[in-house]
Structure formats: structure tokens, C-alpha cells
Amino acid sequence: MLAGCSSGSGGLFGLGGADDGAASGAVADSVIGAGSVKVALVLPLSAQGGAGATAQSLRNAAELAISEFNEPDIQILVRDDRGSEAGAREATRAAIGQGAELVLGPLFSASTAAAGSVARQQGRPVISFSTDSNVAQPGVYLLSFLPETEVDRIIRFASQRGRRSFAALIPDNAYGQVVRAAFQETVAATGGRVVAIESYAADRSNLPQAVQRIAASAGRADALFLPDNADTLPSIAQYLRAAGVDTGRVKLLGTSLWNDQRALAAPGLQGGWFAAPDGAGFNAFAQRYRAKYGAEPARIASLTYDAVSLAAALVRTQGSQRFSTAVLTNRAGFAGADGVFRFNTNGTNDRALAVLEVRQNAAVTVSAAPRELR
């Protein structure tokens with residue numbers, strides 16, 4: 001089961017989808033594969049902006065998975081949810097009516113909740129790509145990269161390396177609320193102490209003042225947690241240096257949002273640690289994707305590749321129990337393009353993550369992702 005979804009080879013937190021703006025015309029239904037077991041793939045293919053382009057990349061990755069798996073006995077029913085709750089309900093209901101035994105997607109949190117309500121009534125499990133753990137529940141599993149898992153990994157690693165006193169500078173948004181709670185919980189669980197937490201507005205209007213406040217507390221900390229992306233991190237690093245924070249003594253910590261060349265090139269972040277999936281598997285996937293489609297995949301396209309590969313492997317090996325709760329929540333987990341993962345009974349997931357260090361404008365692995373989950 002651990003290798004079950006190996007066929008041989010960010011920023012979507014809390015988004016509700018296109019309900020906040022009109023979507024373009026619905027994309028026609030399509031089918032990938034010709035197997036006997038039907039699986040739905042529900043994506044915002046006609047949603048406006050980047051969502052539609054990301055959805056197309058996820059669809060391509062599903063097609064790649066089918067082409068690489070040796071004679072898969074599955075048929076993917078691709079359905080457009082238009083990036084809306086109503087669309088997700090309609091798409092899920094239609095796919096199940098056509099015989100889908102499993103629903104892959106949707107992408108957004110509100111759409112996932114809507115699809116899950118339909119699928120659970122019909123006894124069909126959902127494997128969603130949302131990063132919002134609030135929509136996880138028994139039967140609605142999240143395959144995405146959850147912020148809580150990344151926070152747990154980086155704080156535990158820092159603790160193992162002797163860091164005991166933690167400060168944090170956190171954005172005041174939905175993502176920030178989740179990582180703040182996970183930060184406090186993990187620091188307490190490792191026997192450390194939180195000496196200070198400061199937040200700043202989502203528009204970063206008060207960022208300099210927030211950095212000044214956290215800098216004043218840095219003398220009592222030996223680690224500073226900065227869970228933000230490359231749009232903000234270089235400015236934070238610059239403000240910290242101007243405030244005289246010694247990042248040689250106070251270790252900077254982050255999440256996978258750091259894994260962006262703009263952040264890696266920031267002088268003030270050199271030597272910092274962050275948690276992220278091991279990049280080797282994704283890089284290999286991306287190379288094959290580029291060869292087939294002549295374009296770069298969305299970073300989360302590997303999620304549909306893994307989901308489709310997992311479905312095909314379970315159909316081949318697990319018989320009539322292929323999508324049962326016991327099979328999907330097997331504690332040994334599964335191996336995918338982004339490493340080892342498993343679904344928990346409450347719908348969240350555990351992932352094996354690496355810890356990387358920012359070194360000479362690059363990310364260098366200092367703690368490899370485990371090959372199995374404990």
C-alpha cells in the first residue's frame with residue numbers, strides 16, 4: 001500500500017472559489033481513460049483568472065497519470081464546477097449519477113463543502129485539493145499541503161536543534177489564524193515557550209511597526225517564525241536587519257511559502273529554515289509534464305497526478321473495498337510525487353516533509369523527508 005500511488009515514475013488557503021465573481025461559460029464534460037471503474041474529477045475549469053488556468057493544469061496532470069499507469073481500469077469523468085458551490089453540487093451529483101464511485105476535487109474550500117454534502121449522502125468518498133482543514137471530515141479527505149503539518153515539522157525540527165524560545169510575526173488573515181494556532185500548539189507540545197507573537201494587516205500597511213515590536217522581543221527568543229510568502233518576506237527581512245535583529249543567533253523559520261526564488265534571494269533570510277515537500281519527486285513529475293504539454297505545471301498539479309494514480313492502484317489491488325474508509329485511511333499511507341502521505345479518519349492528512357535551509361540564494365535540504373510515517 002505504501003507505494004500504491006506510484007505508477008513508476010500554496011496559495012489556495014480558504015478560498016471560496018468564483019462565487020465572488022462571475023465565471024465564464026461552463027466547460028464541456030470530458031472523459032479520460034476507458035476503464036470500468038468511474039471516478040469523478042471536479043475542477044473550476046471555467047472559473048475566471050488564475051483558477052481556471054490552474055484547473056486546466058490539474059486536469060492535464062490527471063491525463064498524464066492515466067497515460068503513465070500500466071493499463072488502468074478507471075475512467076475519469078471530468079466535470080466543471082465553475083468555481084462555485086452550486087456548480088460543485090451539480091457536477092458531483094451528475095458524476096455520481098453516471099456511476100462515479102469516488103470524487104477527486106474540488107479545488108476550493110466552499111466548493112469542497114458543497115461537493116462533500118452531495119457525495120456523503122450517496123456514500124461516495126471525496127479526495128479534495130483544498131488547503132482548508134475546516135472542510136475536512138470523515139469521508140471528505142484533503143490531499144493538499146496543510147499549513148498545520150508544515151508548522152509542526154519546522155517547529156519540531158527547530159526544537160530538536162536546541163531552539164526553545166520562540167517568537168512569531170504572522171499575517172492577520174485566514175492563513176495566519178491557522179498557522180498561529182498550530183505554532184502555539186506545537187511549541188507547547190515540544191516543551192518550548194512562546195515569548196512574543198505580533199501580527200500585521202493583510203495589506204501590510206503596519207508591517208514596519210509590527211517588525212519593530214517583534215524586534216524588541218527578539219532578545220528573549222532563539223527562533224523567529226515568519227509564515228508568509230515572497231511578496232512580503234524580503235521586506236520583513238530588510239526591516240529585521242534595520243532593527244538590528246541578529247539572525248545568526250535568532251534562527252528564522254518558515255513554511256513552504258518560502259520556497260520561491262524571490263524569498264530565497266533575500267539577504268536577510270540566508271540561513272533560515274523552512275518545511276516543504278521534498279522537491280525531487282515534483283521536479284521529475286514536472287519534467288514529464290513539460291515534455292507532454294510544453295508548459296510548466298501548476299505547483300499543485302501533482303495532487304491530481306497522485307490522486308488519479310492512487311485511485312488506479314486501489315482499483316487494481318483492493319477489489320470491491322477499493323475506496324472504503326479502511327483502505328483510504330490505512331496508517332501505512334501511500335507514496336506519491338510529493339512524498340509519503342496518509343489520510344486521517346477526520347479527513348485531514350499527514351505528510352512526510354523535508355526541512356530546507358536558505359543558503360546562497362537556494363534551498364538546501366538539511367533534514368530529508370522521512371520515507372515512512374510514524
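**Figure 1. V31 meets L77 in a mixed sheet of six strands.** In this predicted model, V31 stands opposite L77 in β3. The two strands involved are β1 and β3 (residues 74-80), which run antiparallel and are joined by three bridges. Zoom out a little and you can follow the whole open sheet, whose strands come in the order β1-β3-β2-β4-β5-β6 with mixed pairing. The edges are taken by β1 (30-32) and β6 (140-142); each has a single partner strand, so one side of each is left without a neighbour in the sheet. From one strand to the next, the twist averages 25 degrees.

**Figure 2. Helix α2 packs on the six-stranded sheet.** Starting again from the pairing of V31 with L77 in β3, this view brings in the helix that packs on the sheet, α2, which touches β2 (37-43), β3 and β4 (102-104). The direction of α2 makes about 150 degrees with that of β3. One residue to pick out here is A86, placed in helix α2 (residues 85-97). Is A86 buried, partly exposed or exposed? With 34% relative accessibility, A86 counts as partly exposed. If you would like a long-range distance for orientation, try A86 and L257: they are 171 residues apart along the chain, and their C-alpha atoms are separated by 31 Å.

**Figure 3. A cis peptide bond joins G105 and P106.** Here the backbone deserves a look, with omega at about -5 degrees for the bond between G105 and P106. P106 itself belongs to the loop between β4 and α3 (109-121).

**Figure 4. F157 and W273 form an edge-to-face aromatic pair.** Searching the whole structure turns up eleven aromatic pairs. One of them is F157 with W273, at 5.0 Å centre to centre and with 75 degrees between the planes. Why does this pair tie together parts that are 116 residues apart in sequence? F157 lies in helix α4 (residues 147-160) while W273 lies in strand β11 (residues 273-276), so the contact between the rings links those two parts. Both F157 and W273 are buried. W273 has a charged companion as well: the charged end of K251 sits over the ring of W273, 4.4 Å from its centre.

**Figure 5. Five aromatic residues make one cluster.** The members are F282, F285, Y289, Y293 and Y305. Within the close-up, F285 and Y305 form a tilted pair, 5.3 Å centre to centre with 55 degrees between the planes. This pair links distant parts of the chain, with F285 in helix α9 (residues 279-293) and Y305 in helix α10 (residues 301-317), 20 residues apart. How much relative accessible area does F285 have? The value is 1%, so F285 is buried. Y305 is buried too, with a relative accessible area of 3%. Keep F282 in the frame as well, since a charged residue joins the scene there: R299 lies over the face of F282, at 4.0 Å from the ring centre.

**Figure 6. An open sheet of three strands, β12-β13-β14.** The pairing in this sheet is antiparallel. At the edges stand β12 (334-336) and β14 (349-351), each with a single partner strand, so one side of each has no neighbour in the sheet. The twist averages 30 degrees from one strand to the next. Strand β13 (residues 339-343) and β14 run antiparallel and are joined by three bridges. To find your place, look for F341, which stands opposite R351 in β14.

**Figure 7. Q360 and N361 have positive phi values.** Which loop holds Q360? Q360 lies between β15 (354-359) and β16 (362-367), and N361 is found in the loop between β15 and β16 as well. Phi is near 50 degrees for Q360, a positive value in a residue other than glycine. N361, also a residue other than glycine, has phi near 65 degrees. The accessibility of each residue completes the view. Q360 has a relative accessible area of 73%, over the 50% cut-off, so Q360 is exposed. N361, at 39% relative accessibility, counts as partly exposed.

Note on methods: Residues numbered from 1 in each chain as written. Predicted model: local features only at pLDDT ≥ 70, side-chain atom pairs only at ≥ 80, totals over all residues. Heavy atoms only, no water. Pairing = 2+ DSSP bridges. Helix = DSSP H or I, 4+ residues; strand = E, 2+ residues; numbered from the N terminus. Axes fitted to C-alpha atoms, helices over the stretch in contact; angles between N-to-C directions. Buried < 20%, exposed > 50% of the residue type's maximum accessible area, 1.4 Å probe, protein only. Phe/Tyr/Trp six-rings, centres within 6.5 Å; stacked < 30°, edge-to-face > 60°. Lys NZ or Arg CZ within 6 Å of the ring centre and 35° of its normal. Contact = heavy atoms within 4.5 Å.
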